[in-house]
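Visitor: I would like to learn how to read this model feature by feature. Where should we begin?

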Amino acid sequence: AALTRAHAGGNTTTTGGSTGSPKTGGKLVAASWQEQSSLLSIGITDSATHAYAYEAPMSEGLLALTSSADIPKNAKLADYYQPQLATEVPSTDNGDVKVTGSTMTVTYKLRHGVKWHDGSSFTSKDVSDTVNFFWLKYKDNNPTPLLSTNGWDQITAVATPDDFTAAISYKSLFGPFLGTFAGPGTVLSSKQLQATWAAGGDMTKAKLAVDFSSANPAGFKGTDTWDKWWDGTGPFVFKEWVSGDHLTMVRNNNYWGSHKSYLDEITVKFEPDTNTQLADLRTATVDLGIDFRAALLSPLSHLSNVTTVVLGDTGAEKLDFNLKNKYLSDLTIRKAINMGINKQQIVDTLLAGKTVVSPDTAICLGLAAWCSDAAIPTAKYDQAGAKKLLDDAGYKVQTSGPDKGFRAFKDGTTIALNIVTTSGNALREQQEVQIASDMKGIGILINTPFKNPTAGKLFGSYASGGVLYNHTFDIAQYTNTVAAGEPDGWYSGYTCAGIPTQANGGVGQNDTYECNPTVDAGFNAGRNKVSQADRKQGYVDAGKALAADLPEAPLYQQLTVNAYSNKVGGYKANADYWFNNSNDWYLNS
C-alpha cells in the first residue's frame, strides 16, 4: 500500500533456482493475491504495492531502483537508483544538480530511440507534460483524483532545451529529488496526456482510443480510460486485464534496452489469498508468487525446486489509529494499546522469529536506518502497566452488565473498537485474534466477528470510497513502506497537509489525522537539505514526535517473501518493485 510503498534490503534464502544461459520464448505465470482496482494504482489515483510490482514490466521512470543484492554496504541514497529512461543518475558530482542559494535545478539527460507502446517517440516533452499533469497545470485542482502531489509540488518549472534534456527547477532545496522520477508511473505519455486534457482532464473518465499493436501485434487496441490500459516504454506491453482473473502483458518488440525480453508473455494470475498462491506454486500452476509473508516461510521451505527470497522491508506491520474516534483520540488509550500487545509473541509464534519488534515509529527501518536514533523508544509488553494507565485515567472495569470485564469511557460507554485488515490474509487474521485477546486482558473490547475488506477496498482511493483514506475505520492493520531508503516517502502519511478530505479532493495518505507541528517541521527539515548527513536530524525529530503521539502502533518490521520455480532464470530480487528486472527473466522449460 501507499506512495509509501516498497521495501528494503534483507537476506535471501535459496532452496533451488535455475541456472544456465537465457532462453528466448515461453509464457511465465505469476501470482498475486492483491489485485489492484485500477492501473493507475502506481501512485497516481491510488498506491498498491502489488500494482507497482506487476506494472513495472510495462512502466518505466527516468530512474530505476537498484536490485537489493547490488546495493553496497553503507550505501548513499544515490546507490539505490539506476539510470533507466535517463542516461545517468543526477548528482552534484556529475554536475546534473545545481544549487543556487536556496533553490536547485536537476537536469536529466534522456535516452534516444525510446518509443512508447503506441509507437510515439519518448522525448523531453513527456517529462515536461508529466510535471504539468502532477502539478504545474492544475496545482491543487487536478480533475484527476490524485492520491498525492508530494514532491511534484516542489517543482516550479521544466526547461526542455532539446528533445533529450529536461531541467527541473525546484523552489527550494529538495533532498528527496531522486524519487520524483523513479519507478513506475513517474513518467507519462505526453500524447495521452494531451488527449486527456482535451477530453476534460480526468484520467479516470476520459476514454481514449489507444493502439499498442506496433509494439506487439497482441498488444491492446481499444477505447477506455487510463485505469483500464497502460501506455509505457517497458519491455512488456499491456495486452488485457480480466478483473478477478488475470492481467497479461506481451514482449515489447520495440524495446530500447540491450535486448528484448526473453519471455513472450507474462500473465499475472489473481489469487484469493496467500494459501491458494502457495498451492498453485506447489502444483506448478504458477511459476512465481509474490508477497507470501513470513507465516508461509515454513511451508515454502518444504517445496522442492523452489527459490524463496526474503526481504526485510523499510516499514512495519502496524495498527493505525483513527484519531477522530472518541476513544482513540485519548493518548492514554493509545499508549495502553501499544503496551498491551505482546508483539514478541506475534513474531515468535506467527512469524517463526524471522523478524524483530519495531520501534514506536517505523520511519527509519530497513534501508532508511541511516536516520534511526537510539532515542526512539520501543514499547515493552507490559499489561500491568497498561492497566495502570487506564485505571489512573479513570477508565474503570465494569463489574456487571453485558460488557462486564471491559472498561467504561468517561461518558459511560464501553471502550469498544473495530479492527480491519486485508481479507484473505491468514497471518493478519491470526494477528487480529491475538490482538483482540491481548486487548481483553487490559479491558478493551475488540468487536468480533472481524469485518475485513478486500485489499482493493482497504487501500482504495478516496474517490472510490477506500477505507483508509476516507477514515472509515477505528483501527486498521496493514503495512506501509517506502522506496529506496527514502524517509520523505512518509511525508504524505504523517504531515497535516497529507490528510485526505473532501475539501482537498482526497489528496494525501494520512489516514490517522495525525497533525503535529513538530512532525511537520521535522519532515520539512529532512527534505529542505540535499546531503544525507544534513537531512538526518529532521527525521530524528519527526520520529521522536511520532513515537510520543502514537498515531499508530508499529508491531514488527515487515518481511516480503517471494518465491519462484527452478525453471525460472534471471530473477534478481528487488525490494521495491518485485518484477523490476523482468526483461532478464527466462524459462528453462
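Guide: We can begin with a strand. In this predicted model, six of the six residues of strand S12 (residues 246–251) are buried, so S12 is largely enclosed by the rest of the structure.

Visitor: How does one read the pairing of strands, and which strands pair with S12?

Guide: Strands of a sheet pair through backbone hydrogen bonds, either parallel or antiparallel. Here, strand S11 (residues 236–242) pairs with S12 over six bridges in the antiparallel sense. Strand S13 (residues 265–270) is also antiparallel to S12, joined to it by five bridges.

Visitor: Which residues stand opposite each other in these pairs?

Guide: Phe-238 has Met-249 in S12 as its bridge partner. On the pairing with S13, His-246 is opposite Lys-269.

Visitor: What connects S11 and S12?

Guide: The two form a hairpin, with three residues between the strands. In that turn, Gly-244 has a positive phi of about 85°.

Visitor: Which residues other than glycine have a positive phi?

Guide: Lys-139 is one of them, with phi of about 55°. Lys-139 sits in the loop between H2 and S7 and counts as partly exposed, at 40% relative accessibility. Ala-352 is another case, with phi near 55°. Its loop runs between helix H7 (343–350) and helix H8 (383–392). Ala-352 is exposed, with a relative accessible area of 52%, the cut-off for that class being over 50%.

Visitor: Where is there a cis peptide bond?

Guide: The bond between Thr-448 and Pro-449 is cis, with omega about 0°. Pro-449 lies in the loop between strand S18 (445–446) and helix H10 (455–458).

Visitor: Let us turn to an open sheet. What is the order of its four strands?

Guide: The order is S5-S6-S8-S7, and the pairing is antiparallel. Strand S5 (97–100) and strand S7 (155–162) are the edge strands; each has a single partner strand, so one side of each has no neighbour in the sheet. From one strand to the next, the twist averages 20°.

Visitor: How many bridges join S7 to S8?

Guide: Five bridges join S7 to strand S8 (residues 165–170), and the two run antiparallel. Within this pairing, Ile-155 is opposite Tyr-170 in S8. Helix H2 (residues 124–136) packs on the sheet and touches S7 and S8. The direction of H2 makes about 165° with that of S7.

Visitor: And the side chains along a strand, where do they point?

Guide: In a regular strand the side chains alternate between the two faces of the sheet.

Visitor: How are pockets found, and what volume does the largest pocket have?

Guide: Rolling a probe the size of a water molecule over the atoms shows where empty space is left. The largest pocket has a volume of about 570 Å³. It is lined by 29 residues, and those closest to its centre are Ala-64, Gln-84, Tyr-255, Asn-580 and Asn-581. Strand S3 (63–65) and strand S4 (81–83) are the elements that give two or more residues to this lining. By class, the lining of the largest pocket holds 11 nonpolar, 13 polar and five charged residues.

Visitor: Which residues lie nearest the centre of the second largest pocket?

Guide: Those are Lys-76, Leu-77, Ala-78, Ser-91 and Leu-178, out of 19 lining residues. The volume of the second largest pocket is about 440 Å³. Its lining divides into nine nonpolar, six polar and four charged residues.

Visitor: Sequence separation and distance in space are separate readings. How far apart in space are Glu-55 and Tyr-577?

Guide: They are 522 residues apart in sequence, and their C-alpha atoms are 8.9 Å apart. Glu-55 belongs to helix H1 (residues 49–55) and is buried, with a relative accessible area of 0%. Beyond its neighbours within four places in sequence, Glu-55 is in contact with Gln-36, Ser-38, Leu-39, Ile-42 and Trp-230.

Visitor: What separates Ala-426 and Thr-332?

Guide: They are 94 residues apart along the chain, and 31 Å separates their C-alpha atoms. Ala-426 is in helix H9 (residues 426–442) and counts as partly exposed, at 28% relative accessibility.

Definitions and conventions: Residues are numbered from 1 along each chain as its sequence is written. This is a predicted model: local features need pLDDT of at least 70, side-chain atom pairs count only at pLDDT 80 or more; totals for chains, interfaces and linings use all residues. Side-chain values use heavy atoms; hydrogens and water are left out. Two strands pair if DSSP finds at least two bridges between them. Axes are lines fitted to C-alpha atoms, for helices over the stretch in contact, and angles run from 0 to 180 degrees between N-to-C directions. Contact means heavy atoms within 4.5 Å. Buried means under 20% relative accessible area, exposed over 50%, partly exposed in between (1.4 Å probe, protein chains only). On a 1 Å grid over the protein atoms alone, a cavity is a set of points where a 1.4 Å probe fits but cannot get out, and a pocket is an open set with protein on both sides within 12 Å along at least five of seven lines; lining residues have an atom within 4 Å of a point. Grid points are joined across faces, edges and corners, and a volume is the space filled by probe spheres set on the points. Ala, Val, Leu, Ile, Met, Phe, Trp, Tyr, Cys and Pro count as nonpolar, Asp, Glu, Lys and Arg as charged, and the others, Gly among them, as polar.
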